[in-house]
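Welcome! Here is a short briefing to help you find your way around this protein. Have a look at the sequence and the model first, and then read on.

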Amino acid sequence: MEGLPADCIADILSQGSPRDACRSAVVASVFRAAAESDVLWDRFLPPDHEEIISESVSPVKYKSKKELFFKLSSPLFIDRGLKAFSIDKATGKKCYKLSARKLYIAWSANPLFWCWKPVIESRFAEVVELRMTSWLEIEGKINTRILSPNTMYKAYLIVQVAHYRAYGLDVVPCNVSVEVGKLCSRGTVTLSHNACVKRSVCGENKVEEGSRSKFKGNVARVGLERKDGWLEIELGEFYNQGMCEEEVKMSLREINGVHLKGGLVVESLEIRPI
């Protein structure tokens with residue numbers, strides 16, 4: 001192994017994951033030079049990374065492809081700051097976050113129903129809070145062309161439930177779905193802080209009592225309370241083969257109830273690999 005050139009070793013390491021490459025550099029000195037090379041880390045970067053960087057709202061400076069990889073593992077704001085791109089550090093797969101401004105939200109332009117505002121908890125310039133409606137409909141779209149091929153993805157709606165202003169959100173469960181062509185992943189979810197999964201001290205997810213319920217025979221999905229204070233609601237999953245361009249539609253709806261509801265704060269929609 002020691003007789004192999006660094007480029008050859010880099011080629012071998014590129015068949016694994018970025019995490020494997022970092023571990024190899026620690027385990028054996030023969031891998032160290034290859035694990036730092038631009039040849040290797042260029043393989044782990046998305047083929048269109050230069051195009052993505054060109055859309056960044058702020059300059060991206062780096063001295064090596066490895067440094068660039070780890071810079072892109074943190075959110076890079078693109079599309080005038082309305083969208084965030086990142087790379088999964090362990091696998092190199094592409095992740096996206098669509099801000100609330102990039103989503104279709106029924107009646108969100110009407111200040112009687114929704115309120116647009118900045119909040120310090122969000123890295124996007126604005127979030128939107130539901131004031132009052134009986135028709136809750138939120139939808140986001142993304143093209144499979146910009147995602148990593150041969151990858152299973154899940155979509156999450158990132159929200160908060162305003163404690164003292166929330167009402168009517170848990171009366172009727174919402175329908176959630178992810179559609180790609182003729183394939184569809186469906187479920188239901190109850191919007192409340194009592195219907196969420198909290199992280200335990202050891203890092204595993206603990207389901208709070210009463211967090212799962214049945215509605216018309218369907219087990220409701222639960223939200224996950226994140227370390228940053230937001231809740232992520234799983235909308236569904238899909239597999240991106242990458243063989244052709246398809247539009248992914250991700251939605252949360254509660255349009256059957258006639259009661260009023262309010263106090264839901266919508267930050268973004270996140271698409272990330274499993």
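Which residue in β17 is the bridge partner of glutamate 137? The partner is arginine 253, and the pair is a handy place to start looking at the strands. Please keep in mind that this is a predicted model. The average pLDDT of the protein is 85, and 79% of the residues score at least 70.

**Confidence**

- One stretch calls for care: residues 199-217 have a pLDDT under 50 throughout.
- For that stretch, the model has 31 contacts beyond four places in sequence.

**The five-stranded sheet**

- Five strands make up an open sheet in the order β4-β7-β17-β9-β10, and their pairing is antiparallel.
- At the edges you will find β4 (104-105) and β10 (183-189), each of which pairs on one side only.
- Inside this order, β7 (residues 136-143) and β17 (residues 247-254) are antiparallel partners joined over eight bridges.
- Glutamate 137 and arginine 253, the residues from the opening question, are bridge partners, with arginine 253 in β17.

**β18 and its partners**

- Nine of the ten residues of β18 are buried, so this strand is largely enclosed by the rest of the structure.
- Strand β8 (residues 151-161) pairs with β18 in the antiparallel sense over nine bridges, and leucine 157 has leucine 269 of β18 as its bridge partner.
- β3 also pairs with β18 in the antiparallel sense, over four bridges; here leucine 98 has leucine 269 in β18 as its bridge partner.
- Strand β6 (residues 127-130) runs antiparallel to β18 and is joined to it by two bridges, and valine 128 has valine 266 in β18 as its bridge partner.

**β2 and its two hairpins**

- β2 is mostly covered, with five of its five residues buried.
- Lys83, Phe85 and Ile87 point one way from β2, while Ala84 and Ser86 point the other way.
- On one side of the sequence, strand β1 (residues 76-78) pairs with β2 in the antiparallel sense over three bridges, and phenylalanine 77 stands opposite alanine 84 in β2.
- β1 and β2 form a hairpin with four residues between them, and aspartate 79 in that turn has a positive phi of about 55°.
- β2 and β3 run antiparallel and are joined by five bridges, with serine 86 opposite cysteine 95 in β3.
- These two strands, β2 and β3, form a hairpin as well, with six residues between them; glycine 92 in the turn has a positive phi of about 80°.

**The largest pocket**

- The largest pocket holds about 390 Å³ of space.
- Its lining has 22 residues, and those nearest the centre are Pro75, Ser86, Lys97, Arg226 and Glu270.
- Some strands met above return here: β2 (83-87), β3 (94-99) and β18 (264-273) each supply at least two residues of the lining.
- Sorted by class, the lining has ten nonpolar, two polar and ten charged residues.

**The second largest pocket**

- The second largest pocket has a volume of about 290 Å³.
- It is lined by 15 residues, and Pro46, Pro47, Gly92, Ser148 and Pro149 are the closest to its centre.
- Gly92 links this pocket to an earlier topic: it is one of the residues closest to the centre, and glycine 92 is also in the turn of the β2 and β3 hairpin.
- The lining of the second largest pocket divides into six nonpolar, four polar and five charged residues.

How values were computed. Residues are numbered from 1 along each chain as its sequence is written. This is a predicted model: local features need pLDDT of at least 70, side-chain atom pairs count only at pLDDT 80 or more; totals for chains, interfaces and linings use all residues. Side-chain values use heavy atoms; hydrogens and water are left out. pLDDT is the predictor's confidence in each residue, from 0 to 100. Contact means heavy atoms within 4.5 Å. On a 1 Å grid over the protein atoms alone, a cavity is a set of points where a 1.4 Å probe fits but cannot get out, and a pocket is an open set with protein on both sides within 12 Å along at least five of seven lines; lining residues have an atom within 4 Å of a point. Grid points are joined across faces, edges and corners, and a volume is the space filled by probe spheres set on the points. Ala, Val, Leu, Ile, Met, Phe, Trp, Tyr, Cys and Pro count as nonpolar, Asp, Glu, Lys and Arg as charged, and the others, Gly among them, as polar. Two strands pair if DSSP finds at least two bridges between them. Buried means under 20% relative accessible area, exposed over 50%, partly exposed in between (1.4 Å probe, protein chains only).
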